[in-house]
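Student: Please take one part of this model and go through it closely. I would like to know how it is covered and what it pairs with, with enough of the whole chain to place it.

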Amino acid sequence: MEFWIAWFAIGLVLVGVSVFWLLPALMLKTCGAAYPVRDRVVAKTDGEHGEELLCEPAASVHPYIASYRIARDGKGAYFQGDKACKRAYFCYDVFAYAASGELLDVLRVKEKFNGGDKTCPVRLPKKTDFVAVRAVCVDDEPLPAERRAFGKRLALWLGILSAAAAATVALFLWVTATFVLRCLDDFTGRLTLPDGVWAASLVGAALLAAMLTCGCALFQFFRMRRREDGDG
């Protein structure tokens, strides 16, 4: 019994690692392959705690944030924008990138835009070298989001993400079903399922997970592309 309990616990740990670390990391890779970076650095200055960058956001963000700074203080790097208009509410994403171009995190910012000429400071991941800003919603009105054209890089990361989701679901089903069978036969190993049932169940669950992951991602990608093209 102790063996099967330990075996079940190890299986759940592996599933947890995939759900809370591997899949989010692959989602970031896929997200980075889908969004273009159109922000540009317009000036560099020396701040009290190191170099500060004055940047100009993409044209779609410029009506709301005229420019922004990536600066440092005693707590680390932070983002702060210069408002281009006064609105009751503004929601935007800050994409934080490393010097290598790797997407480190996507920070969703929601704030009131009344009063003051700057946005609230947003703390950035430790290795952030540059950022890109994407407008999401202003005054409860969703804004169109830019996307890259669907290409090989996005297809590659979407395929890896779908495969990882499929493997995670199959592993969870196999570990859970096996442990339930062992509990039902009092850990004697007498109760089992035919190989065909195991194969059909695991392959079917994996394919369903991969199809749902890929389908939802493609639906969102092309839906936003159509919205952008229609607004254009």
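**A strand and its two partners**

Tutor: Of the contacts in the protein chain between residues at least 6 apart in sequence, 64% join residues at least 24 apart. The model is a predicted one. Its protein chain holds three helices and nine strands, and the order along the sequence is α-β-β-β-β-β-β-β-β-β-α-α. The part to look at is β5, which covers residues 90–97.

Start with burial. In the protein chain, 35% of the 232 residues are buried. In β5, eight of eight residues are buried, and the strand is mostly covered. Both faces contribute to this: F90, Y92, V94 and A96 point one way from the strand, C91, D93, F95 and Y97 point the other way, and all are buried. Here buried stands for a relative accessible area under 20%. D93 is thus listed among the buried residues, on the face that also carries C91, F95 and Y97.

Next, the pairing. β5 pairs with β6, residues 103–111, in the antiparallel sense over eight bridges. Within this pair, Y92 has V109 of β6 as its bridge partner. The two strands form a hairpin with five residues between them, and in that hairpin G101 takes a positive phi near 95°. β5 is also joined by eight bridges to β8, residues 130–138, and these two strands run antiparallel. V94 stands opposite V133 in β8. Y92 and V94, which have these partners in β6 and β8, point the same way from β5.

Another strand, β7, belongs to an open sheet of five strands in the order β1-β2-β3-β4-β7, with antiparallel pairing. Its edge strands are β1 (40–47) and β7 (122–123), each of which pairs on one side only. β7 pairs with β4, residues 76–83, in the antiparallel sense over two bridges, and R123 of β7 stands opposite Y78.

Finally, the chain around these strands. The C-alpha trace spans about 70 × 45 × 35 Å along its principal axes. The radius of gyration is 23 Å, where a compact globule of 232 residues would have one near 17 Å. The accessible surface comes to about 13200 Å², with 63% of it belonging to carbon and sulfur atoms. As for charge, the chain has 28 positive and 25 negative charges, and their mean positions are 2 Å apart.

Key:
Residues are numbered from 1 along each chain as its sequence is written. This is a predicted model: local features need pLDDT of at least 70, side-chain atom pairs count only at pLDDT 80 or more; totals for chains, interfaces and linings use all residues. Side-chain values use heavy atoms; hydrogens and water are left out. Helices (H or I, at least four residues) and strands (E, at least two) are DSSP runs, numbered from the N terminus. The radius of gyration is taken over C-alpha atoms; the globule rule is 2.2 Å times the number of residues to the power 0.38. Buried means under 20% relative accessible area, exposed over 50%, partly exposed in between (1.4 Å probe, protein chains only). Contact means heavy atoms within 4.5 Å. Accessible areas come from the Shrake-Rupley method with a 1.4 Å probe; for residues, only the protein chains shown count as cover. Lys and Arg count as positive and Asp and Glu as negative; His and the chain ends are not counted. The place of a charge is taken as NZ of Lys, CZ of Arg, CG of Asp or CD of Glu. Two strands pair if DSSP finds at least two bridges between them.
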